Each structure stands twice: as C-alpha cells, then as structure tokens.
2 protein chains.
Amino acid sequence: MKIGVLGTGVAGQTIGSKLVHLGHEVMMGARDVDNPKAVAWAKDEGEKHALFGNFANAASFGEIVFNCTLGTASLNALRMAGAENLKGKILIDTANPLDYSSDNWSLTVCNTDSLGEQIQREFPDTFVVKSLNTINADVIVNPTKLAERSDVFVSGNDMEAKSTVIRILREWFGWKSIIDLGDITTSRGVEMYMLLWRSLRKAVSSYQFNVKVVRSAQ
Amino acid sequence: MKIGVLGTGVAGQTIGSKLVHLGHEVMMGARDVDNPKAVAWAKDEGEKHALFGNFANAASFGEIVFNCTLGTASLNALRMAGAENLKGKILIDTANPLDYSSDNWSLTVCNTDSLGEQIQREFPDTFVVKSLNTINADVIVNPTKLAERSDVFVSGNDMEAKSTVIRILREWFGWKSIIDLGDITTSRGVEMYMLLWRSLRKAVSSYQFNVKVVRSAQ
C-alpha cells in the first residue's frame, strides 16, 4: 500500500521504517521538500520504497496518512498537506498537543476540545482516527517489547475507518488488544492522559511501558 | 485509629464501612450534623464504631481524614471542616473536580492546576495526598475483585505522609502495587485521566476495572 507519513521526528521515522520493512511504499512529508531528516531517512531505508517530499506530496501519495507531526504544529502541517490531498482518506492522528516548555507539561487544547476534534472539524471529508498517541514509538511498532499484553485505543466518528485502523494495528504492528473508545470526542481522554503518562514515565524510569485495562474477575 | 470521612456518597460510605469493619472508629462528616445518609450509614454499621457529624466534627475527630466529597464541592466542604481541624493531619483526597452536566464530562480545573493542588495551597499545614480517585469505590476496598493486579497512584509533597498512605492502601485495602507519581502537581494527570476512565467504563461496560502499568520485558 502507498502510505503518507507526515512528520520527520522519532514517531514518523519509526512508523515509516516499520511500514517500509513490511513492504509498503512510504513517503515521509515535511514542510520543505528536501528536509534533511526525511532525505536521510529515505537513504537509510534504501530509497526504493522510502520516499520523501513536502506535506502535500506525502498526503497526495498516501492511500492512508499518518499524522506524526508535533501536536502543536499539526493543524498548520495539515493545512499545508491540503484538504484535497486528504479527502476521502483515513488520517491516523498520533499527535499530542503538548507544550513542553515548562517543567510540568500542559496541553494547548483540552477538556472541552482536543486536537483530534480540531483536525476532524477542519477536514470534514477526511476520516480522522486518533490512535497510538499514548505509546512511545518503539513500543508502537513492537508491542511484544513489553512484558505482557497492553492496550491501544482508537477514537473516531467513522466505524469503517476505525475497523481499517484496528486491522492495521493488529496485522502490521502486532497489537492484540485494541479498545474502541467511541467517537472523536474521546480524543480528549487519550490526549489528557499524557500528563499521567509523563508521571508514569518518570516513575518507571523508562519510555517503554503502557497500560493494560484489567477487568473484573467475575 | 480514629478516621474522619468527609462525604456521604458511595465513596464515603464504602471506604467508611471498610474502615469500620477493620476495627477503626470512623466519623462520617456532612454539611449538616444530622445528614440522613450519614445517620443511616452509622445505624447500618451498628453505631459503636460508626459515628456521624458535620464536616468540622469529622475533621476534628479523625487522626487521618479522607476527602470523599464531590470534587466540585470539596473546597467548600474543607473550608467548613476548618483548617485548624485539619492541621498537621494527612488528608487523602479521593475527589475528582468533574462537571457531569453534559454528555461529555469535563473538569472544572485542569491542565495547569488541579483540585489536589488547590486543596494543598489552601491548607498548607495539612499533608494532602491525592489517591484512589482513579478507581471505583467497590474496587478501592477490594482490589482482588479484578482479574489481576492493577495499580493505584499517590501524589503529594510530603514523603512521610505518602509512606503512611501507601501503608494504608497496602495493609487496610489490600493494594499490592502502588506507584508514587511525585509531588502534588501530579494530581493533574490522575484527575485528567478521568475522561479516559469514562470512555473505558463505557467500553468495558462496567465500573469494575482499573489500569495496570506494563513495563518492558527486558
């Protein structure tokens, strides 16, 4: 499949590489068409299935698009990608609208709105599915790194798009337990969870962790 | 031990009853000295170790105090309890500042502040430890109801107070895994987690669940 990955950071590179290794054609998109990190990534991945371009190139190229940009820059990046290039496509939104500038992280949108909802409102012809934002990139593409099964979440308004994303998480990335939280407003909860995630990351002294939902024994 | 429980709802009643059954003397506090729910609870519990009074009575009575009031009413309840009656004591804050009025829950304080911090600021001579707000009352007092070990969190500025609360969670309530998240600012994360908790509650169709932190296999 042809996949667009917007963003050149750790999440974009890790997800992009995993998809290339699975045999997909991946275009990494950045603000500039010749972003040095995207160029280096494509070279590292052998270039045949790993391409680079600007946000619009990558969005146009992908049958499915991953948003791996910084949450605070996502709306601008997606505007540069262009509504026409994202129209009718699934956009897997992995971003968190986090302000890292002070010792206590905070969100630039939360509580009564979320980045997932902002994106869905601005791109009504795109099927936005919020997912993977609660897990470090390493673990996203290799869930068996963890000592036992843990959970990944999906939020979105379109059931068929969520089914496709659930299949991708299961078949491409190896996730065994995927919880559908509901419509795109449930992005609020997974984005706001990031403050707890940050405390847990410090408490366990590792980025390699996740949560598992434990149910009643009865 | 003498324990004050502020609040007459499910959390206060469930925690209060558990403590009475463990042999402690518990006074349930409410706005009015003869709150019908508190009176009925004390009667149900045989009255010998289960007492009732107003917020100030219960705070004065307790060597340790649980805040089990509604989060949106907690600051007012604690003002009625009185700083002098809470001075030098541990206050275990189990409340969430949730507005339930619309279909999507929201918090009345979050992101750059939290109820835990508001309480600590207003009662500087009290050792506020945020805990148990992420778990349904049933599960709080009976963690083995769940299919496997899950995690409970503590947040607070005073290490000794947190150690005491950790001992209480372990020895009285039976929690095996307790994670110290850090100072009272980490209340933000556990309070903001409640929006995800609400989606999970719908997804698992039960109040009886919790999360377990799964670490790296290496």
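Me: Two residues are in contact if their C-beta atoms, placed from the backbone, lie within 7 Å. In this predicted model, how many residues does each chain bring to the contact of chain A with chain B?

Reply: With that cut-off of 7 Å, the contact takes 41 residues from chain A and 41 residues from chain B. On the side of chain A, the elements that give two or more residues are β7 (106-107), β10 (177-182), α9 (187-204) and β11 (209-215), and the largest share, 13 residues, comes from α9(A). Sorted by class, this side of chain A holds 19 nonpolar, 14 polar and eight charged residues.

Me: How do you know that β11(A) and β11(B) are paired?

Reply: Pairing requires at least two bridges between two strands, and seven bridges join β11(A) to β11(B), the two strands running antiparallel. As one example of how they face each other, A:Phe209 stands opposite B:Arg215.

Me: What makes helix α6 of chain A a mostly covered helix?

Reply: A residue counts as buried if 20 or more other C-beta atoms lie within 10 Å of its own, and six of the eight residues of α6(A) are buried. These are A:Leu115, A:Gly116, A:Glu117, A:Gln118, A:Ile119 and A:Gln120, and what covers them includes α4, β5, β8, β9 and α9 of chain A.

Me: In the open sheet of chain B, what makes β3 and β10 edge strands?

Reply: Each of the two, β3 (50-54) and β10 (177-182) of chain B, pairs on one side only, as the order β3-β2-β1-β4-β5-β8-β9-β10 of this eight-stranded sheet with mixed pairing also shows. Within the sheet, β8(B) and β9(B) run antiparallel and are joined by three bridges, with B:Val154 in β9(B) as the bridge partner of B:Ser131.

Me: Why are α4(B) and α6(B) called roughly parallel?

Reply: Angles under 35 degrees count as roughly parallel, and these two helices pack at an angle of about 25 degrees, with their axes 10 Å apart; the angle therefore makes α4(B) roughly parallel to α6(B). Their crossing is right-handed.

Me: Which residues of α4(B) and α6(B) meet, and how is their contact made up by class?

Reply: From α4(B) come B:Ser74, B:Leu75 and B:Leu78, which meet B:Leu115, B:Gln118, B:Ile119 and B:Glu122 of α6(B). By class, this contact has four nonpolar, two polar and one charged residues, where Glu counts as charged, and Leu and Ile count as nonpolar.

Technical notes:
Residues are numbered from 1 along each chain as its sequence is written. Chains are lettered from A and ligands numbered from 1 in the order in which they are written. This is a predicted model: local features need pLDDT of at least 70, side-chain atom pairs count only at pLDDT 80 or more; totals for chains, interfaces and linings use all residues. Helices (H or I, at least four residues) and strands (E, at least two) are DSSP runs, numbered from the N terminus. A residue is buried if 20 or more other C-beta atoms lie within 10 Å of its own, exposed if 12 or fewer, and partly exposed in between; C-beta atoms are placed from the backbone. Axes are lines fitted to C-alpha atoms, for helices over the stretch in contact, and angles run from 0 to 180 degrees between N-to-C directions. Angles under 35 degrees count as roughly parallel, over 145 as roughly antiparallel, 65 to 115 as roughly perpendicular and the rest as oblique. A crossing is left-handed if the near helix is turned anticlockwise from the far one by less than a right angle, and right-handed if clockwise.
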